[in-house]
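Colleague: I'm new to this one and would like a close look at a single part. Could you take me to the place where the ligand sits and then work outwards from there?

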Amino acid sequence: MAKMVPGAIAYFEGGYVPADQAKVSVMTHGFNYGTGLFEGIRGYYNKEEDNVHIFRLPEHVDRLVRNFNILCMEIPEDRAAIAQICIELVKRSGFKEDVYIRPLCYKSELSLGPAVRGIESKLCCYLIKLGDYVDIESGLDVAVSSWRRLCDNAIPTRAKTTGSYINSALASSEAKQSGFHEAIFLREDGTVAEGSAMNIFMILDGKLITPPPNADILVGITRNTVMQLAREVLNMEVIERPIARTELYVCDEIFFSGTGAQVAPVRSVDRRLIGTGKPGEITRKLQDIYFEVVQGKVPAYRHWCTPTLG
Ligand code: PMP
């Protein structure tokens, strides 16, 4: 019997239902071949305003819709309709706490054979409550994975395809089984890519450095947020360039960014302490700004927050 998630609701085949009632056939193309494309979006509850703000909703919808072209996907819903479904799910959930919204487009035909073109797709979307996905206080102990990051020319890393998460699942479980909190993927060329479901940043001599968009990464929306906040609020130089594995051992600070991970400090890599072995000073500052921003408390970035309840 599958585990129930209390209060989880879904948009499925044009209606809103409890998430455990949103079911597909075993023959569904997306289920068999991993031909699904999804987003992960957070809504943050702002107590003073008694409202849930969805963070960077248009940007998430935009990434999803742009990536349709990679999987030759077409659905009846346009950007505005997809955004509206996300808002509607928050309203219908009645949750006055932090939530996670997962729009998912999948090849819905019951057809045999891997293909992307000419197969009907559908949109579904679900919402759950979600607190912290990883520890964001003490710092994570991470390890370079024995699994390599997917190559974008094999399974596009730029798109959040359901199939590509086998790569993440292997690395994440390997890390946990070996007593680490998270994994760091290297690319086939040996340079650093990202975490299992998060982008990576290092701070070296006061500069914020992260792998570029063509480094087999998912180009994260939190990554973009952090880069902008570092430049505009902390006046930092931000550099996108390849990172060597050993640079991780000698840098001053490391953190992950992601919708789920938020801004998560790393305290060790491969059992080597990073900096002081505690969350770094700049990481802490970025984290503080980030949490103010996502709750809609910083006027300059208020446009990133979509209120849902009136
Ligand atoms: N990389 C991977 C592989 C991910 O799954 C995620 C989570 N979506 C990220 C990076 C971070 O992306 P975002 O900040 O857009 O959530």
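Modeller: Here is a walk that starts at the ligand and moves out to the rest of the chain. Keep in mind that this is a predicted model.

Let's begin with the ligand's surroundings. There are 16 residues around the ligand, and those that come nearest are Tyr165, Glu194, Ile221, Thr222 and Thr259. Three polar approaches are worth finding on your screen. An N or O atom in the side chain of Thr222 sits 2.6 Å from an oxygen atom of the ligand. With Ile221 it is the backbone that takes part: one of its N or O atoms is 2.8 Å from a ligand oxygen. Lys160 uses its side chain, where an N or O atom is 2.8 Å from a nitrogen atom of the ligand. As for cover, the ligand on its own has 390 Å² of accessible area, and the protein covers 97% of that.

Now step from Thr222 to Gln262, since Thr222 is among the residues that Gln262 contacts. Gln262 lies in strand 15, which spans residues 262–269. It counts as buried because its relative accessibility is 1%, and buried means under 20%. Its side chain makes a polar contact of 2.7 Å with the side chain of Tyr44, and another of 3.0 Å with the side chain of Asp132. Setting aside neighbours within four places in sequence, the contacts of Gln262 also include Arg42, Ile136, Phe256, Ser257, Tyr290 and Phe291.

Stay on strand 15 for a moment, because it also holds Arg267, whose salt-bridge partner Asp141 is in strand 8. The two side chains meet at 2.8 Å, N to O, and the residues are 126 apart along the chain. Asp141 is buried at 12% relative accessibility, whereas Arg267 is partly exposed at 26%.

That pair is a good way into the other salt bridges, and the count for the model comes to 18. One of them joins the side chains of Lys297 and Glu48 at 3.5 Å, N to O. Those two are 249 residues apart: Lys297 is in the loop between helix 7 (281–294) and strand 17 (305–307), and Glu48 is in the loop between strand 4 (41–46) and strand 5 (51–55). Lys297 is partly exposed, with 36% relative accessibility, while Glu48 is exposed at 63%.

Another salt bridge brings together the side chains of Glu97 and Lys129, at 3.7 Å from N to O. Here the separation along the chain is 32 residues, with Glu97 in the loop between helix 3 (79–93) and strand 6 (99–107) and Lys129 in strand 7 (residues 121–129). Glu97 is partly exposed at 35%, and Lys129 is partly exposed at 38%. There is also a network of salt bridges, which links Asp62, Arg66 and Arg79.

Next, have a look at the backbone in two loops. Most residues other than glycine have a negative phi. Asp216 is not a glycine, yet its phi is positive, at about 60°. You'll find Asp216 in the loop between strand 12 (207–210) and helix 5 (221–232), and at 9% relative accessibility it counts as buried. Glu13 also has a positive phi without being a glycine, in its case about 50°. Glu13 is in the loop between strand 1 (9–12) and strand 2 (15–18), and it is exposed, with 53% relative accessibility.

A glycine makes a handy landmark too. Gly163 is in the loop between strand 8 (140–148) and helix 4 (165–177), and its 24% relative accessibility makes it partly exposed. The C-alpha atom of Gly163 is 23 Å from that of Val5, a residue 158 places away along the chain.

Finally, turn the model to find a nonpolar patch on its surface. Val24, Val26, Met27, Phe31 and Leu110 make up this patch of about 540 Å². Phe31 is in helix 1, residues 29–33, and it counts as exposed because its relative accessible area is 59%, and exposed means over 50%.

How values were computed. Residues numbered from 1 in each chain as written. Predicted model: local features only at pLDDT ≥ 70, side-chain atom pairs only at ≥ 80, totals over all residues. Heavy atoms only, no water. Patch = residues over 30% accessible without salt bridge, like charges linked within 9 Å, V, L, I, M, F, W, Y side chains within 5 Å. Areas by Shrake-Rupley, 256 points an atom, 1.4 Å probe, with all protein chains shown as cover. Salt bridge = Lys/Arg side-chain N within 4 Å of Asp/Glu carboxyl O. Helix = DSSP H or I, 4+ residues; strand = E, 2+ residues; numbered from the N terminus. Buried < 20%, exposed > 50% of the residue type's maximum accessible area, 1.4 Å probe, protein only. Near = heavy atom within 4 Å. Polar contact = N/O pair within 3.5 Å; in protein donor to acceptor, adjacent residues only side chain to side chain. Contact = heavy atoms within 4.5 Å.
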